[in-house]
Each structure stands twice: as C-alpha cells, then as structure tokens.
Amino acid sequence: MIKQLEALSQEFIQNLEQLNDEAGILNLKSEFLGKKGKVSEILKGLKDATPEQRKEIGPKANALKEEINKLVSQKLMAIEVESVNKKLEKNKIDLSDLDLKYLKKNNHGGLHPRTIIQREIEDVFLSMGFEILDGPHIEDEFHNFEALNIPEDHPARDMQDTFWFHDPQSDVPNKKLLRTHTSTIQVRGMKERTPPFRFIAPGTVFRCERTDASHEMVFNQLEGMMVGKDISVGNLIYFMKTLLKEIFQKEVEVRLRPGFFPFVEPGFELDIQCLICKGNGCSVCKKTGWVELLPCGMVHPNVLKAGGIDPEEHNGFAFGLGLDRLVMMRYGIDDIRHLNSGDLRFNHQFKAF
Ligand code: FA5
C-alpha cells in the first residue's frame, strides 16, 4: 500500500505538469482526492491491514493528500499570476511617451481651470519666497474662530454660515465644523514657524448659504500670510498687485476700500472690476460692476498672540483670495456653479493637453 501511495504521488506530479488550465487541474485533483478518487480507493484496503500497518499507512496517506492540495494551489496561483502579467503587458502604457494627439482623440482628462490657475498662483508666490501650506477641512472652533479674534457670541460668527458637527448652542468644548475659510491655516502656520516667514494656503471651504452666480456652498480660497519686522500696508499692496498682474497679464481695474474682519486691523476689501460685463453690471457682480475678490489687512495683534508671536516685535499682513471668483474673471465664466458641475462640456474647454 505504501508503494501504491508513492506511485500515486509520482503519477499525480506527472499529470499535473501537463496541465495549464484551472478546470483540468481541479478535475485531476478530484480524480485523486474525490470520494471515489484513486487515494480513497487505496485507503479502502486499510480495513484489512494490521494495526501496525495502519499506523504507518495513515500518516503517509494524509501527507499525500496534503501534498496534492499544496501542489494544486501552487499551480493555480502560478496560472493566475501568469494571466495577470499577460494582461498588464498587453495594456502597458509608457507614461513618458504620452501621445498628445491620442489623448485628445480619445477624450482623456485634462486639468480643471481652478487647478490651472492655482498652480500659476503657487508659482508666482514660490518665486517670491512663499511656502505652500495645507490644513484640515474638518476644523475646530478654536482655529476657525477663536484664534482669529472671533470669540463665542461675537456677531462676526454670523458672517459665515457654518456647517457644524455639533449643535452650535451645546456646551461641547471646541466643537467641530467644516472650515468656513482658509484663515484657519494662519494660526496653524504661525505656531510651526518663527518670524520672518511667508506662506500661502489654497483649499476648499464650506458655507451653508444660498448659491447664485457668484456664491457656492463648497468653494475655494487661497490664504496668504507674511510675518516679520516692520511690514507695512505698502508691502501688502505690492504683493496683491504682483499677484493680479501675473495672473491676468494685463492691467485690471481694482479698488481698495475699508473692510471689517476681526482678524485684521486695518482691513480692506480689494474688488476687481467685473470682467464678465466690463463693469456694466451683470448677475455675477450683482449689477454693481465690481466683484469682491481679495480681502486683506494687517494681522491683528490678538491673532499673532494666538500663533505664539509677540506683536510688540513682529507684525504682518494676511489675505484671503476668492480663488473660484478669480478663475471666473480670468476665463470669463459667468456662473460659479459651472466649476463644480462636473459637466464635461464645460471642463473640456480648459483641457491642458
Ligand atoms: C474671508 O473668508 C476671510 N477669511 C478673508 C481674509 C483673510 C480677510 C485674511 C482678511 C485677511 P470672505 O468671507 O469675504 O472673507 O471671503 C473671502 C473671499 O472668498 C471673498 O472675497 C470672495 O471672493 C470669496 N467668497 C466668499 N464667499 C463665497 C461663496 N459663497 N462662493 C464663492 N466665493 C466666495
């Protein structure tokens, strides 16, 4: 019987070598291990064996079964790997050899206009020595309000309709919310640096408000901050002008007026003449001829303190660009809602390829 088992092992191995398909391999396995399979047939003879013989044959039979199972799994795995490799080989794309005509013809994706403009702005600020920072979408009251000189019950909290994760009236400490502006990154950025420093922070923000041609609930801003010694409103205006000149590559009409934000003093609203209607009045500028684009100001001493900076020694400026509105002005997009629509007819106009 032992010899028969050894012979079976050889027979199985030889047969398995000939096979290269899953069904054939599974059939072979059942031919050997199935209820009426070759191994079971031999083991039927065990009833006539002596106890000593059984002690010897039993483990050998089990070892043979294990071996067959192992060889079957290995072979199936090898077939699977080979087939995946063949598929990969067939569908291989050399990304260093992109055929742009092929991409155009086959409707492959391009860059969203916001991405194009954001990258341009990042390049402008990188060339002026700014770092680029990121911050979380889910924020806390401290970073969204308190650290920015907007304590609880301050009316300025109502300026930005907030998506809360908790009942805003509850006394849960430091409640979570979806950030309403990228100014949250001011304090995070300050805490991790010592002056002088300068950074920008682009990102998505969320407000629970009605949408129209120039308002979205989910939109994008680009925060900027510069802290050092003796920084002036003149410096602030220089950087704002450089940004607009580089992005529009032409003179655009802007106006600077006083603006109230608790985290800056003095604060300004920088508006751009609406490029959709050339200042004549339309739904984007709400018939005023001007679009609010780039609020800014000198950082309030309380905000510097919250960021661990001594306002007696250092000062700085900050701004919060309405990135989506800038994209609209640059490309003449007459409704902000196109940007997040996912409508391919819209997106295809800006293909970077
Ligand atoms: C702020 O969010 C301030 N954190 C900006 C700031 C930063 C001021 C640093 C001073 C210093 P405001 O709520 O005005 O401010 O928004 C800034 C810009 O975002 C606006 O000028 C506008 O261009 C854009 N914006 C505001 N609300 C919306 C909206 N619902 N949809 C699209 N863009 C918007």
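Q: Which residues come nearest to the ligand, of the 25 around it?

A: Glad you began there. His181, Ser183, Arg207, Glu209 and Glu292 come nearest, out of the 25 residues around the ligand. Keep in mind that this is a predicted model. A residue is counted as near if one of its heavy atoms lies within 4 Å of the ligand.

Q: How far is a nitrogen atom of the ligand from the side chains of His181 and Ser183?

A: The general idea is to look for pairs of N or O atoms within 3.5 Å. For the side chain of His181, an N or O atom is 2.9 Å from a ligand nitrogen. In Ser183, a side-chain N or O atom is 2.8 Å from a nitrogen of the ligand.

Q: And what part of Glu292 is 2.9 Å from an oxygen atom of the ligand?

A: Here you should look at the main chain: a polar backbone atom of Glu292 is 2.9 Å from a ligand oxygen.

Q: How much of the ligand does the protein bury?

A: It helps to know that the size of an interface is often given as the accessible area lost when the parts come together. In this model, the ligand taken alone exposes 670 Å², and the protein buries 95% of that.

Q: Where does the ligand sit, and which elements give two or more residues to the shell around it?

A: You will find the ligand in the largest pocket. Two or more shell residues come from β5 (218-228) and from β10 (315-322). Of the elements, β10 gives the most, with 4 residues.

Q: What classes of residue make up the shell around the ligand?

A: Sorted by class, the shell holds 10 nonpolar, 9 polar and 6 charged residues.

Q: How should I read unusual backbone geometry?

A: Start from the usual case: most residues other than glycine have a negative phi, and most peptide bonds are trans. Now try the bond from Pro195 to Pro196, which is cis, with omega near 0°. Pro196 is in the loop between α8 (184-191) and β4 (197-206). The bond from Glu265 to Pro266 is also cis, with omega near 0°, and Pro266 lies in strand β7 (residues 264-273). For phi, go to Lys278, where the value is positive, near 55°. Lys278 is in the loop between β7 and β8 (290-292).

Q: Stepping back, what does the domain assignment give for the chain?

A: The assignment gives domain 1 (2-91) and domain 2 (113-350). Taken over C-alpha atoms, the centres of domain 1 and domain 2 are 69 Å apart.

Technical notes. Residues numbered from 1 in each chain as written. Predicted model: local features only at pLDDT ≥ 70, side-chain atom pairs only at ≥ 80, totals over all residues. Heavy atoms only, no water. Domains from an automatic or database assignment. Polar contact = N/O pair within 3.5 Å; in protein donor to acceptor, adjacent residues only side chain to side chain. Areas by Shrake-Rupley, 256 points an atom, 1.4 Å probe, with all protein chains shown as cover. 1 Å grid on protein atoms, 1.4 Å probe; cavity = no way out; pocket = protein on both sides within 12 Å on 5 of 7 lines; lining within 4 Å. Sits in = over half its atoms within 2 Å of the grid points. Nonpolar A, V, L, I, M, F, W, Y, C, P; charged D, E, K, R; others polar.
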